[in-house]
Amino acid sequence: MSETTNTNEEKKKPSLNGRRAVPSNNSNDEENEVPEIEFFGLIPRGFNPKDYLHVVDIHMFKEPHEINKQQHHTDKYYSPKLIVRRGQLFQIQIDFNRPYKPETDQFWLEYLIGRYPQQNKGTYIPILVDDVLKPGRWGAKITHKENNSVRMSIMSSATCIVGKFRLYIAVWTPFGILRTHRNPATDTYILFNPWCQEDAVYLDDEKEREEYVLNDVGIVFHGNINDIKLRSWSYGQFEENILDACLFLMDKAELELSGRGNPIKICRVASAVINSRDDNGVLAGSWDNTYTYGVAPSAWTGSVDILLEYYSSKQPVRYGQCWVFAGVFNTFLRCLGIPARLVTNYSSAHDNNANLQLDFFLDDKGEVDTKLTKDSVWNYHCWNEAWMTRPDLPVGFGGWQVVDGTPQETSDGMYRCGPASVQAIKHGHVCFQFDAPFVYAEVNSDIVYSRREKNGTQVIEKIDTTHIGQLIVTKEVGGDGMMEITEEYKFQEGSEEERLALETAVMYGVKKQTMQDTMYRPQTDVDMDFQVQKAVLGSDFKVTITFRNKSHNYYTATTYLSGNIVFYTGVTKNEFKKHSFSAKLEPSSSSAFDVVIKSSEYLNDLLDQASLHFFVTARINETGKTLATQKATVLEIPTLKIKTQGETVAGKEMSVTVKFTNPLKKTLDNVTLRLEGPGVLRTMKKEFRQIPMNATLIWEVKCIPERPGLQKLIASLNCDALRHVYGELNVQIQKP
């Protein structure tokens with residue numbers, strides 16, 4: 001028995017290695033014992049600590065309406081403790097047992113974080129009382145004395161660690177130091193400060209700070225380039241326990257406390273810990289349309305449930321796809337005070353070998369060879385941008401940085417991506433850390449269609465240089481509209497600057513394949529394109545293929561249309577439509593051909609995002625050349641209607657109804673509804689066994705809103721046959 005207890009003791013001890021005297025200090029949660037009396041030597045007889053100045057009480061002014069949280073823009077955090085931003089003054093009041101006499105009494109403040117506080121690591125911060133405060137440096141000054149109390153202004157360093165600090169007040173006596181006892185009520189959270197010029201995340205526009213730091217709801221743009229869809233997402237960075245959950249993520253990632261003042265390091269480790277690959281992080285990804293034992297990615301309405309579940313279970317939450325990873329990452333960044341936004345790149349390249357080209361191989365019939373084709377085009381891909389200076393890069397590469405928590409490829413051996421400077425990507429300076437070549441390829445790759453001849457030579461049939469990264473967007477500041485930011489990432493297609501940026505990227509080691517070993521002879525005198533009719537889920541629609549014969553020759557084209565059900569990542573699940581026909585092309589004229597797609601052909605296999613993808617290839621019989629083009633389309637999905645009844649006043653019960661009519665020609669089974677709204681109601685869930693075809697479901701919920709102002713309600717409906725059904729409503733909550 002004794003042997004086993006012994007080994008347990010050994011396990012608890014932190015492991016030391018030969019290089020460091022102190023174990024690694026990478027948990028904000030752990031604490032050390034701090035002595036309340038620290039004697040200098042022998043204690044004289046008759047020594048009574050009560051004879052000296054000692055602290056009776058400390059007032060933190062930590063209520064949302066009090067000065068600290070108001071001035072530091074932290075009044076929305078649902079937390080009873082003091083939360084301040086670094087590099088900015090805050091106030092406390094100390095009540096002593098008698099009036100403080102500066103001539104004879106000496107006291108100082110101590111802020112500690114983690115289990116092994118050290119002054120040179122910024123984890124133990126003693127602050128002496130001084131007459132002058134220097135901006136952006138730790139200091140404390142007495143501003144007011146009255147009876148037994150002193151009022152103090154405290155300045156924190158603009159580069160200090162971000163996290164939860166413990167506060168002690170120490171009093172000097174001739175025989176030793178007397179300290180206050182450990183009191184969690186005086187714990188102080190210190191966050192990044194975009195309002196402070198000395199802070200690495202300083203943002204100079206108040207409207208942008210309100211959007212990128214203080215807005216707790218946002219918009220996710222999805223769908224595809226021809227059919228942009230949007231839905232709301234609740235970030236909920238101020239909700240109860242979310243700040244602690246975000247600090248826990250840094251503990252989970254084992255980021256040294258001394259590195260937690262640096263937004264570059266925080267973003268890098270967070271992009272790894274947001275996904276569960278290789279480190280048991282927050283979210284497990286699933287792209288295969290089976291979500292057993294978990295929540296389908298499309299069912300989440302916000303980040304709060306995900307972060308709280310992870311914080312309590314410490315196990316990856318199932319399941320996420322790109323916008324879920326990006327939504328949770330955005331919550332994490334805004335919660336800590338790093339300005340952040342969620343960005344969508346339409347037609348995003350996932351280039352497996354980073355050679356700046358996506359290779360689509362056609363077989364001799366002109367169909368795509370799925371065995372050879374490894375690269376894919378995502379209809380859209382979401383990532384985040386975080387705002388910070390980059391002192392590790394040359395001047396000019398600060399500002400927005402791409403960070404991506406979706407596990408696509410490894411970086412330095414882990415699934416993570418960024419921070420990569422958007423400015424560096426635009427100019428092709430992809431040599432600067434981190435992961436710029438991968439992001440550059442996501443927005444700049446070419447699509448190359450090639451076909452292997454019978455004799456083994458590879459013929460390139462078409463190079464499409466404009467399909468990838470056609471549109472990059474984010475939510476506008478102060479509204480729900482879309483703001484295009486494509487030109488932040490790339491120069492005008494075909495411009496001299498674009499050419500130059502590409503040459504720069506190639507010079508810095510982005511591989512671009514040469515065409516020596518292949519033959520490229522496109523058919524230039526015939527153009528082919530196609531249009532997909534807008535269609536509601538469950539209805540028939542048509543695809544129109546148009547040819548323009550610019551030559552004086554008469555051509556016939558053997559045309560092949562392939563309709564596929566795809567994941568939004570561009571990976572095919574199955575082909576639901578094959579259609580071949582011969583098109584007669586008159587000289588110098590255009591001709592159009594319709595192909596009808598019936599709902600019965602696609603409905604049974606439809607995936608999450610009602611995403612269909614069409615390939616059209618045509619071989620000109622007279623010349624043997626092939627034309628190829630591809631497009632994705634998204635079917636219209638019905639929405640949820642949300643209404644409120646009666647008055648909407650903070651602190652009073654209100655009623656919300658969610659309404660939905662089943663549009664499909666079949667019964668929906670095992671339907672889950674979710675409803676949430678930061679400041680109005682915590683996430684509510686309801687299960688319905690069945691909704692017959694054309695039936696309408698009505699769900700009524702009672703809640704008591706907490707926060708006055710304009711709030712947003714967000715709902716989702718989810719079942720195996722129908723996903724990505726959303727609804728939202730802006731609600732003005734009145735002051736009581």
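**Exercise 1.** Does arginine 98 count as buried, partly exposed or exposed, and what is its relative accessibility? Classify its salt-bridge partner as well.

*Solution.* The structure is a predicted model.
Step 1. Buried means under 20% relative accessible area, and exposed means over 50%.
Step 2. The relative accessibility of arginine 98 is 22%, so this residue counts as partly exposed.
Step 3. Arginine 98 forms a salt bridge with aspartate 105, and their closest N and O atoms are 2.9 Å apart.
Step 4. Aspartate 105 has a relative accessibility of 10% and therefore counts as buried.

**Exercise 2.** Determine which parts of the chain are tied together by the salt bridge between arginine 115 and glutamate 30.

*Solution.*
Step 1. The two side chains meet at 3.6 Å, N to O; a salt bridge requires a distance within 4 Å.
Step 2. Arginine 115 belongs to the loop between strand S5 (107-112) and strand S6 (124-128), whereas glutamate 30 belongs to the loop between helix H1 (2-12) and strand S1 (37-39).
Step 3. The pair therefore ties together parts that are 85 residues apart in sequence.
Step 4. Arginine 115, at 32% relative accessibility, is partly exposed, and glutamate 30, at 37%, is partly exposed.

**Exercise 3.** Describe the salt bridge between aspartate 305 and arginine 674.

*Solution.*
Step 1. The closest N and O atoms of aspartate 305 and arginine 674 are 3.1 Å apart.
Step 2. Aspartate 305 lies in helix H6 (residues 304-313) and arginine 674 in strand S37 (residues 668-677), so parts 369 residues apart in sequence are tied together.
Step 3. Arginine 674 is buried, because its relative accessible area is 5%.

How values were computed:
Residues numbered from 1 in each chain as written. Predicted model: local features only at pLDDT ≥ 70, side-chain atom pairs only at ≥ 80, totals over all residues. Heavy atoms only, no water. Helix = DSSP H or I, 4+ residues; strand = E, 2+ residues; numbered from the N terminus. Buried < 20%, exposed > 50% of the residue type's maximum accessible area, 1.4 Å probe, protein only.
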